[in-house]
Amino acid sequence: MKSELIVDVQPQEIAVALTEDDRLQEVSREKRNQDNFSVGNIYYGRVKKVMPALNAVFVDVGHEKEAFLHYLDLGSQFRTLQTYVTKAVSDRRRIPLMNKTQRQPEVGKEGQIADVLKVGDPILVQVSKEPINTKGPRLTAEISIAGRNIVLIPFADGVMVSQKIKREAERQRLKQLMLSIKPQGFGIIVRTVAEDKRVAELDNELRLLVEKWEQTVLSLQKKEPVSLVSEEMGRTLGIIRDVLSPDFTSIQINDQAIYDEVRHYLELIAPESAKIVKLYQGTQPIFDHFDITRQMKTGLGRTVGFKHGGYLIIDKTEALFSIDVNSGSKKIFEDQEENAFRFNMLAADELVHQLRLRDIGGIIIVDFIDMDSKEHQQQLYDYVRKLMDRDRAKHNVLPLSKFGLMQITRQRVRPAVEVEVMETCPTCMGKGKIQPSILFTDQIQEECAHMEQHHGRGLKLHLHPYVYAFVSKGWLFSLKAKWRRQYGVKVVENQSLGMLEMRFYDVNGKPIEHPHDEPKQVAKEVKEVKEEPKQAPKPVEQPKPAPKPAPAPQPAPQPVEQPKPTPEEQPKPAKKRTKKAKKAVPAPQQEAKEPTPEPTPTPEEQPKPAKKRTKKAKKAVPAPQVEVKEAKVEPTPTPTPAPTPTPEPKPKKKPARRKKKPADKPAENAEK
């Protein structure tokens with residue numbers, strides 16, 4: 001089996017990918033220049049809270065969430081370690097000798113933490129589990145310094161050998177060897193990879209670990225409580241230390257400083273493997289070159305496919321991970337039982353691969369396709385256990401339940417790997433509409449000219465492979481060659497970018513931030529600001545028409561009051577009458593316009609409808625009658641001068657209309 005380690009060093013983080021036979025097996029990311037509270041970091045903290053109910057304490061180590069330390073994680077030699085730390089802090093001129101430190105009574109497995117620690121006590125602790133979700137780090141007071149072949153434990157006694165070394169003769173050899181070279185005051189755990197190792201190699205590593213402990217004590221003497229004392233080696237060196245084997249064929253690194261660090265470390269722990277470290281100097285991104293980006297995009301989504309059309313659906317909750325197995329629309333066998341068994345066996349391969357790739361920990365519930373055969377269920381269980389034997393994390397697999405569910409527990413020391421697979425369109429910002437794609441090359445050319453003015457020539461422009469293929473078409477006369485000659489920009493394809501996304505890098509390989517996306521966001525915000533006031537006054541304009549009729553009643557006492565209501569109010573009572581009476585109402589209105597010069601019939605007809613209306617006792621009927629009588633007195637003097645002025649006959653016609661309206665009502669009553 002061929003194994004490779006690819007290290008992608010970026011200004012903000014370091015990503016490490018482990019492949020076996022060109023298949024991605026593990027992915028790890030680590031922020032640079034930032035305390036990540038990684039497993040193995042040693043802190044000088046202070047007890048913040050004592051929780052007798054939990055038999056634990058919360059320790060302040062500088063994280064936003066207080067770290068958790070249980071009584072069983074104190075270690076049997078906790079009191080001796082506390083005495084040594086107090087002595088080292090009190091006398092900062094020299095390092096106390098381990099063999100001169102007086103041993104204190106051991107901490108039993110049954111006891112109360114309140115008898116050992118109090119609020120405000122300084123304490124030396126080590127991270128055993130990284131912060132996950134809303135929980136802070138988990139700590140242990142049993143300090144250990146890990147190497148490739150052995151683990152050094154201060155104030156522990158004896159030598160312990162890994163149980164995975166099956167040969168009894170080799171176990172005895174390693175134990176006797178380590179007892180002969182072990183310094184006084186330390187305990188040693190021999191790891192599995194130490195099998196068949198020479199004495200000189202183990203002795204050299206032991207000296208390095210003792211020296212690292214002394215450096216930790218020196219750092220402790222210079223620090224005050226709540227500070228980092230010793231940082232675990234980087235994620236890159238940690239993975240190399242844990243997984244390096246003769247199967248490794250190469251370690252590819254794209255940064256000179258990390259390359260020198262890894263090579264120096266391998267020369268100390270495995271000189272024969274130092275030659276496999278190589279410095280990658282290609283123009284294409286290192287993850288794209290080794291097909292890591294594509295495998296991450298296809299293998300880290302919510303839905304993951306496997307052979308013959310089957311797929312897994314992986315969902316994460318606060319308590320557990322749920323994985324559902326589906327066969328898709330294809331069939332391998334016609335028999336349903338055999339078909340379900342074959343798909344479950346294929347899904348088991350991908351399941352174990354996903355657990356390791358994503359570093360999923362905690363409780364995992366797998367819903368396999370239902371199988372009736374007990375023999376098939378047992379074969380599937382045995383196969384999953386066999387595949388999980390290659391996993392370095394501690395785990396436990398339970399047989400299938402009667403519901404077809406398999407329960408797996410896996411050690412979780414750091415958050416699961418999460419990579420955003422879905423891409424957001426950089427042009428429409430997820431709105432679903434983009435600018436014409438034919439204009440994208442013009443936009444790239446404008447950005448190249450802008451970058452040349454501000455950053456000079458020699459820049460690198462990363463584009464999506466599809467766009468890269470388009471701009472490379474034509475060889476010497478392609479857009480790629482044109483931009484190279486005109487602006488000094490070298491175009492590189494990058495699979496991690498979106499379709500219409502561009503990214504510039506300077507001569508040193510550092511990304512350059514350019515205002516390609518910022519104006520769009522600013523313009524978008526401006527549009528939202530402009531649209532908000534337009535929408536806001538709309539509800540304000542609706543109440544405004546209500547006060548508009550308010551000025552109309554102001555001329556009410558004047559005779560001008562009549563022209564305003566006549567065009568608006570006259571049709572309204574006509575509509576009301578049509579509901580009660582027949583459709584003959586519009587006809588008398590037309591007649592009312594013609595008999596305006598005949599005042600004689602109006603005084604005779606008006607008293608008659610008044611009597612009939614009083615019998616029926618209609619509401620508000622007498623009020624208009626009084627107004628009509630007053631209007632009758634007014635028209636008599638007006639026709640005497642008869643100067644034919646246009647404004648005066650208008651008010652005469654309006655009361656005439658009102659005279660005819662009551663005249664119509666008796667006709668209606670007669671019809672009734």
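# A tour of strands and helices

Select residues 303–305 and 311–316: these are strand 16 and strand 17, which pair in the antiparallel sense over three bridges. The model on screen is a predicted one. Within this pair, valine 304 stands opposite leucine 312 of strand 17. Now add the turn. Five residues lie between strand 16 and strand 17, which together form a hairpin. Click on histidine 308 in that turn; its phi is positive, about 60 degrees.

Next, keep strand 17 and add strand 18, residues 320–326. Strand 17 and strand 18 also pair in the antiparallel sense, here over six bridges. They too form a hairpin, with three residues between them. To find one of the bridges, select lysine 316 and look for its partner in strand 18, phenylalanine 321. Strands of a sheet pair through backbone hydrogen bonds, so show the backbone when looking at pairs like these.

Move on to another sheet. It is open, has four strands in the order 9-10-12-11, and its pairing is mixed. Which strands are at the edges? Strand 9 (145–146) and strand 11 (159–161) are, each pairing on one side only. Select strand 11 together with strand 12, residues 186–190: the two pair in the parallel sense over three bridges. Valine 159 stands opposite isoleucine 188 in strand 12. Now show helix 3, residues 199–222, which packs on this sheet and touches strand 9, strand 10 (150–154) and strand 12. The direction of helix 3 makes about 35 degrees with that of strand 10.

The next stop is a pair of helices. Select helix 4 (residues 235–243) and helix 5 (residues 256–269); their axes are 10 Å apart and the packing angle is about 30 degrees. Because of that angle, helix 4 is roughly parallel to helix 5. The crossing of helix 4 past helix 5 is right-handed. To see the contact, show the side chains of Thr236, Leu237, Ile240 and Arg241 on helix 4, then Glu261, Val262, Tyr265 and Leu266 on helix 5. By class, this contact has five nonpolar residues, one polar and two charged.

Finish at helix 12, residues 479–487. Which of its residues are buried? Ala481, Trp483 and Tyr487 are. Show what surrounds them: the buried residues of helix 12 pack against helix 10 (440–455), strand 22 (460–463), helix 11 (465–471) and strand 23 (490–493). Then select glycine 488, which follows helix 12 and has a positive phi near 70 degrees.

Conventions: Residues are numbered from 1 along each chain as its sequence is written. This is a predicted model: local features need pLDDT of at least 70, side-chain atom pairs count only at pLDDT 80 or more; totals for chains, interfaces and linings use all residues. Side-chain values use heavy atoms; hydrogens and water are left out. Axes are lines fitted to C-alpha atoms, for helices over the stretch in contact, and angles run from 0 to 180 degrees between N-to-C directions. Angles under 35 degrees count as roughly parallel, over 145 as roughly antiparallel, 65 to 115 as roughly perpendicular and the rest as oblique. A crossing is left-handed if the near helix is turned anticlockwise from the far one by less than a right angle, and right-handed if clockwise. Contact means heavy atoms within 4.5 Å. Ala, Val, Leu, Ile, Met, Phe, Trp, Tyr, Cys and Pro count as nonpolar, Asp, Glu, Lys and Arg as charged, and the others, Gly among them, as polar. Two strands pair if DSSP finds at least two bridges between them. Buried means under 20% relative accessible area, exposed over 50%, partly exposed in between (1.4 Å probe, protein chains only).
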